[in-house]
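Thanks for coming. I have one model to go through today, so please keep it open on your screens while I talk.

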Amino acid sequence: MTASRKAPLGALFWAFTRIGLLGFGGGPAMIPLVQQEVVKRHAWLSDEEFADILAIGNTLPGPIATKMPGYIGYRVAGSLGCLVAVIAVILPMIVAMIALLTVFSRYRDVAWIRGMGQAVVPVVMVMMGQLTLDFWHKSRLALGWIASLALAATSGALIYLIGVHPGLIIGALLAAALLRPALRRKEATQ
């Protein structure tokens with residue numbers, strides 16, 4: 001894992017303001033935008049660091065839309081960076097929510113207003129599909145395609161067929177990864 005780059009507070013603010021402005025569809029739809037800003041555009045984090053933050057963020061309670069900016073801001077600019085990133089990402093959402101809810105409540109029966117919300121769904125679907133393909137590629141390189149496919153199929157079955165919460169699965173995998181090196185060391189000493 002590479003070391004994170006230090007981020008200037010102004011750049012951090014504008015990066016997360018863009019995410020807040022363009023993150024239609026809520027927290028999960030913002031994840032590709034966060035990756036684009038912090039990994040590809042500014043190179044504050046590596047792909048591996050971003051994947052780790054996403055995995056940990058999904059195991060913690062609360063909305064991912066504030067957990068990721070908060071942790072990333074802290075990681076690349078300290079406590080003040082955490083505050084700046086969270087404020088930058090939620091401020092546009094608050095202003096937009098108040099403005100759009102006012103317009104929506106006034107003009108909810110107009111067809112093009114209803115169509116606006118429906119038109120965003122396919123765009124968010126494509127963004128999530130791209131993120132899924134990126135994670136599949138990284139998983140395949142790290143674990144191999146058989147192990148990646150087995151983990152994906154098992155996780156999918158547990159989530160969709162049995163109803164296990166995804167956070168529990170991620171937590172179990174994190175615990176297994178943490179315990180595995182300890183088990184290897186214990187076997188090596190015996």
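**Helix packing**

I start with a pair of helices: α2 and α4 cross in a right-handed sense. Before going further, note that this is a predicted model, and please hear what follows with that in mind.

Helix α2 covers residues 27-41, and the angle at which it packs with α4 is about 135°. The axes of these two helices are 12 Å apart. How should we class the orientation of α2 and α4? Angles over 145 degrees would count as roughly antiparallel, and 65 to 115 as roughly perpendicular. The pair sits at about 135°, so α2 and α4 are oblique to each other.

**The chain as a whole**

Now the wider view. The protein chain has seven helices and zero strands. Its pattern along the sequence is therefore simple to read out with the DSSP runs numbered from the N terminus: α-α-α-α-α-α-α. Along the principal axes, the C-alpha atoms of the chain fill a box of roughly 70 × 45 × 25 Å. The chain has 190 residues, and buried ones make up 27% of them.

**Salt bridges**

How many salt bridges does the structure hold? There are four, and I will go through three of them.

One joins the side chains of R18 and E37, at 3.0 Å from N to O. R18 belongs to helix α1, residues 9-22, while E37 belongs to α2; the two are 19 residues apart, and the pair links distant parts of the chain. Is E37 buried or exposed? With a relative accessible area of 7%, E37 is buried, since the cut-off for buried is under 20%. Its partner R18 has 26% and is partly exposed.

Another salt bridge is formed by the side chains of E49 and R75, with an N to O distance of 3.1 Å. Here the link runs from E49 in helix α3 to R75 in helix α4, with their positions 26 residues apart in the chain. E49 is buried, at a relative accessible area of 2%. R75, at 27%, is partly exposed. While we are on partners, salt bridges that share partners join R18, E37 and R41 into one network.

The next pair is D47 and K138, whose side chains meet at 3.7 Å, N to O. D47 lies in α3, residues 47-59, and K138 in helix α5, residues 111-143; they are 91 residues apart, and the pair also links distant parts of the chain. D47 has a relative accessible area of 26%, so it counts as partly exposed. K138 is at 21% and is likewise partly exposed; the cut-off for buried is under 20%.

**The nonpolar patch**

Last, the surface. Which residues form the nonpolar patch? They are L9, L80, L83, I87, L91 and V95, with about 520 Å² of accessible area together. Helix α4, residues 64-107, gives the largest share of this patch, with five residues. One residue of the patch, L91, lies in α4. Its relative accessibility is 44%, so L91 counts as partly exposed.

To return to the starting point, α4 is the helix that packs with α2, that carries R75 of the salt bridge with E49, and that supplies five residues of the nonpolar patch. That is what I have; I will take questions now.

Conventions
Residues numbered from 1 in each chain as written. Predicted model: local features only at pLDDT ≥ 70, side-chain atom pairs only at ≥ 80, totals over all residues. Heavy atoms only, no water. Patch = residues over 30% accessible without salt bridge, like charges linked within 9 Å, V, L, I, M, F, W, Y side chains within 5 Å. Areas by Shrake-Rupley, 256 points an atom, 1.4 Å probe, with all protein chains shown as cover. Helix = DSSP H or I, 4+ residues; strand = E, 2+ residues; numbered from the N terminus. Buried < 20%, exposed > 50% of the residue type's maximum accessible area, 1.4 Å probe, protein only. Axes fitted to C-alpha atoms, helices over the stretch in contact; angles between N-to-C directions. Parallel < 35°, antiparallel > 145°, perpendicular 65-115°, else oblique. Left-handed = near helix turned anticlockwise from the far one by under 90°.
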